[in-house]
Amino acid sequence: MFTAPLWRWDARQDDAWWFVTVPPDASDVLADLPLPPRGFGSIRVRVTVGATTWSTSVFPSREQNGYVLPMKKSVRQAENLVADAPVHVTLAPRDA
């Protein structure tokens, strides 16, 4: 479980790409998992934010120095998430 702010990927000017950065300690745990290689170094995870639970993948980011968790529009709307606000995340790998 961790809390981190919601941010928009600046490389895209539309409203489609929003993320939460997985903190360094949790990113290190994910990086050390003995998982089969996946596209872009992604790791499949089960995520809960508020009352919303879904499956997705986290992706390594050099820019963020760890993994980033994409936050779909439906989750942002259901949980009333806004830019720069803290997001309380429960995350568990699915393939471990």
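A strand here is a DSSP run of E at least two residues long, numbered from the N terminus, and two strands pair if DSSP finds at least two bridges between them. Keep that in mind as you work through this predicted model.

**Exercise 1. Work out how β3, β4 and β5 are connected, and find the turn residues with a positive phi.**

Solution. Start with β3, residues 43-49, and β4, residues 52-61: they pair in the antiparallel sense over seven bridges. Now pick out some partners. R46 has S55 as its bridge partner in β4, and R44 stands opposite S57 in that strand. Next, look at the turn: β3 and β4 form a hairpin with two residues between them. G50 sits in this turn and has a positive phi of about 60 degrees.

Move on to β5, residues 66-70. β4 and β5 pair in the antiparallel sense over three bridges, and F59 has V68 as its bridge partner in β5. These two strands also form a hairpin, this time with four residues between them. In that turn, N65 has a positive phi of about 55 degrees.

**Exercise 2. Decide whether N65 is buried or exposed, and say how far its C-alpha atom is from that of A78.**

Solution. First place the residue: N65 lies in the loop between β4 and β5. Then check the cut-off, since exposed means over 50% relative accessible area. N65 comes in at 64%, so N65 counts as exposed. Finally, the distance: N65 and A78 are 13 residues apart along the chain, and their C-alpha atoms are separated by 28 Å.

**Exercise 3. Trace the order of the strands in the barrel.**

Solution. Go round strand by strand. β1 (residues 2-8) and β2 run antiparallel and are joined by three bridges; R8 has W18 as its bridge partner in β2. From β2, three bridges lead to β5, again antiparallel, with F19 opposite P70 in β5. You already have β5 with β4 and β4 with β3. Put it together and six strands close into a barrel in the order β1-β2-β5-β4-β3-β6, with antiparallel pairing. On average, neighbouring strands of this sheet are turned by 45 degrees against each other, direction ignored.

While you're at β2 (residues 18-21), check its faces. In a regular strand the side chains alternate between the two faces of the sheet. Here both faces are covered: W18 and V20 on one side, and F19 and T21 on the other, are all buried.

**Exercise 4. Classify the ring pair W17 and F19, and compare how accessible the two residues are.**

Solution. A pair of aromatic rings is described by the distance of the centres and the angle of the planes. The whole structure holds three aromatic pairs. For W17 and F19, the centres are 6.4 Å apart and the planes are at 15 degrees, so this pair is stacked. On accessibility, W17 counts as partly exposed at 36%, whereas F19 is buried with a relative accessible area of 8%. Both belong to one aromatic cluster, together with W7 and W9.

**Exercise 5. List what lines the largest pocket and sort the residues by type.**

Solution. The largest pocket has a volume of about 190 Å³. Its lining is made up of W7, W9, W17, F19, F59, S61, E63, Q64, V68 and P70. β4 and β5 are the elements that give two or more residues to this lining. Sorting by type gives seven nonpolar residues, two polar and one charged.

Methods: Residues numbered from 1 in each chain as written. Predicted model: local features only at pLDDT ≥ 70, side-chain atom pairs only at ≥ 80, totals over all residues. Heavy atoms only, no water. 1 Å grid on protein atoms, 1.4 Å probe; cavity = no way out; pocket = protein on both sides within 12 Å on 5 of 7 lines; lining within 4 Å. Points joined across faces, edges and corners; volume = space filled by probe spheres on them. Nonpolar A, V, L, I, M, F, W, Y, C, P; charged D, E, K, R; others polar. Buried < 20%, exposed > 50% of the residue type's maximum accessible area, 1.4 Å probe, protein only. Phe/Tyr/Trp six-rings, centres within 6.5 Å; stacked < 30°, edge-to-face > 60°. Axes fitted to C-alpha atoms, helices over the stretch in contact; angles between N-to-C directions.
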